[in-house]
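Visitor: I would like to go through this model and ask about its residues and contacts. Please give the reasoning before each answer.

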Amino acid sequence: MPNDSGKENAGCLGASGCGFVGSGGSNGYNIHRAIQLVKSDCADVATRDFVTALYSNPYLTGGYSCNFAHSAPLDDLLNYSPDSFCLCQFENISIDKISLLFGVPSIRDKGEVAKKFWRYFGVAVEAGTTMKYGEVPLYKYHCEYSNSFDIQWESKQNNNETIRIEFNPNHSNLRELMPILSCFTSFKIELCRVSRMDIAIDYFKFINPLCWHVIGGTSITQTISCSGIPQTRYFGSSSSAVQIRVYNKVRELEKSGVHCPENMELWRCEAQVKEIFGDSWFLLDVDKVAKFNPFQRMEVYNLPSIDTTGQGAYGLFIEVCKLVNI
């Protein structure tokens, strides 16, 4: 994980006159300035469409300025400083997905309390359902609610009945979920458990997925485009306590029909967290979450310290090949 040698800039995101000037690279995109324009209603249509596609609620994002080592000019293969590999000047961090488990009465319970709960829940979920799906491995019923929330209920493999609600905070309005949340008592909400949380860090510069590594044994899968450019690198599986994904976010957005600014570089390092210290956690267990860093085992391979003055990309390549006896 990058050493945070800069200061958190989250408080500057909505400030006027904020001094963000972009990543400094030829393809650098200043997401902080774009967010600021959207908030101030001064953005052009293309900027507004892109920002809201990526973070439809920009207030939920935080900005950082960081280096992997000490401060230095931005690096590329033509201007490379081996003593300070600056991955980016601007990055954005957000929660990209969260899954909540609410304990509820058994649907087979014939008591009045259980029957009343399921009757009320049935009315609430039916009123907001925008798409019905078939069964999933763990639940009998599954629907899309208010175009934003994935809701599953009636457990198939567990006597402890739960309702699972999954959503992307960047693309959801919790007010629309109020009819469902009103089914639960405050006690149930306090005991709500988090079964998954995806934390995304976005870099508006090319980062080579092949240079990223996770300390300790873990499975690795990766894809490379026809042109030979790495596109994804996954550490661990979808069932791991923590899976790390490094991938080309522009490619994913364009596949879903989102128009990105021309020549944009946008790469994402994402942690899918299912367990913290070996277990799921309560929604209100802030202290436990604060002590856990899902990226703590991440490393970035650095090129060895060699004299690259005036060599350019090809010369640098030759010197590295010599060092590794090619």
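Visitor: How many helices and strands does the protein chain have?
Guide: One point comes beforehand: this is a predicted model. Buried residues make up 44% of the 326 residues in the protein chain. The secondary structure of the chain consists of eight helices and 14 strands.

Visitor: Among contacts between residues at least 6 apart in sequence, what share joins residues at least 24 apart?
Guide: The count covers the protein chain and leaves out pairs that are not at least 6 apart in sequence. Of the remaining contacts, the share joining residues at least 24 apart is 61%.

Visitor: What part of the accessible surface belongs to carbon and sulfur atoms?
Guide: The accessible surface of the protein chain comes to about 17400 Å². The part that belongs to carbon and sulfur atoms is 54%.

Visitor: Is Ser99 buried or exposed?
Guide: Ser99 is found in strand β2, which covers residues 91-103. Beyond four places away in sequence, Ser99 touches Arg164, Ile165, Glu166, Arg193, Val194, Ser195 and Arg196. Its relative accessible area is 0%, so Ser99 counts as buried.

Visitor: Which side chain makes a polar contact of 2.5 Å with that of Ser99?
Guide: Arg164 and Glu166 are both among the residues that Ser99 touches. The side chains of Glu166 and Arg164 also meet in a salt bridge, 2.6 Å from N to O, and both residues are buried. The polar contact of 2.5 Å with the Ser99 side chain is made by Glu166.

Visitor: With which residue does Asp198 form a salt bridge?
Guide: Asp198 has a relative accessible area of 2% and is therefore buried. The partner is buried as well, because its relative accessibility is 15%. The closest N and O atoms of the pair are 2.8 Å apart, and the partner is Arg196.

Visitor: Which residues are linked in a network of salt bridges?
Guide: A search of the whole structure finds 14 salt bridges. The pair of Asp198 and Arg196 is among them, and both residues belong to the network. The linked residues are Asp96, Arg196, Asp198, Asp202, Arg245, Arg268 and Glu270.

Visitor: What is the N to O distance in the salt bridge of Glu112 and Lys115?
Guide: Both residues lie in helix α3 (residues 112-128), three residues apart, which is about one turn of the helix. Glu112 is exposed because its relative accessible area is 56%, whereas Lys115 is partly exposed at 38%. The N to O distance between their side chains is 3.2 Å.

Visitor: Which side chain makes a polar contact of 3.0 Å with that of Glu135?
Guide: Glu135 sits in the loop between β3 (129-133) and β4 (139-145), and its relative accessible area of 52% is why it counts as exposed. Leaving aside residues up to four places away in sequence, Glu135 touches Lys140 and Lys156. The polar contact of 3.0 Å with the Glu135 side chain is made by Lys156.

Visitor: What separates the C-alpha atoms of Glu135 and Gln152?
Guide: Along the chain, Glu135 and Gln152 are 17 residues apart. In space, their C-alpha atoms are separated by 8.9 Å.

Visitor: What is the phi of Glu154?
Guide: Most residues other than glycine have a negative phi. Glu154 lies in strand β5 (residues 149-155) and is buried, because its relative accessible area is 12%. Although Glu154 is not a glycine, its phi is positive, at about 65°.

Visitor: And what is the phi of Phe277?
Guide: Phe277 is found in the loop between β12 (267-273) and β13 (281-282). With a relative accessibility of 56%, Phe277 is therefore exposed. Phe277 is not a glycine either, yet its phi is positive, at about 55°.

Visitor: Which residues form a nonpolar patch on the surface?
Guide: One member, Leu191, lies in the loop between α5 (186-190) and β7 (193-203). Leu191 is partly exposed because its relative accessible area is 40%. The members have about 280 Å² of accessible area together, and they are Phe187, Leu191 and Phe282.

Visitor: How many disulfides does a search of the whole structure find?
Guide: Cys143 has 2% relative accessibility and so counts as buried. Cys192 is likewise buried, with a relative accessible area of 0%. The number of disulfides found in the whole structure is zero.

Note on methods
Residues are numbered from 1 along each chain as its sequence is written. This is a predicted model: local features need pLDDT of at least 70, side-chain atom pairs count only at pLDDT 80 or more; totals for chains, interfaces and linings use all residues. Side-chain values use heavy atoms; hydrogens and water are left out. Helices (H or I, at least four residues) and strands (E, at least two) are DSSP runs, numbered from the N terminus. Buried means under 20% relative accessible area, exposed over 50%, partly exposed in between (1.4 Å probe, protein chains only). A polar contact is a pair of N or O atoms within 3.5 Å; within protein, one must be able to donate a hydrogen and the other to accept it, and residues adjacent in sequence count only if both atoms are side-chain atoms. Contact means heavy atoms within 4.5 Å. Patches are made of residues with over 30% relative accessible area and no salt bridge: like charges are joined within 9 Å, nonpolar side chains (Val, Leu, Ile, Met, Phe, Trp, Tyr) within 5 Å. Accessible areas come from the Shrake-Rupley method with a 1.4 Å probe; for residues, only the protein chains shown count as cover. A salt bridge is a side-chain nitrogen of Lys or Arg within 4 Å of a carboxyl oxygen of Asp or Glu. A disulfide is a pair of cysteine sulfur atoms within 2.5 Å.
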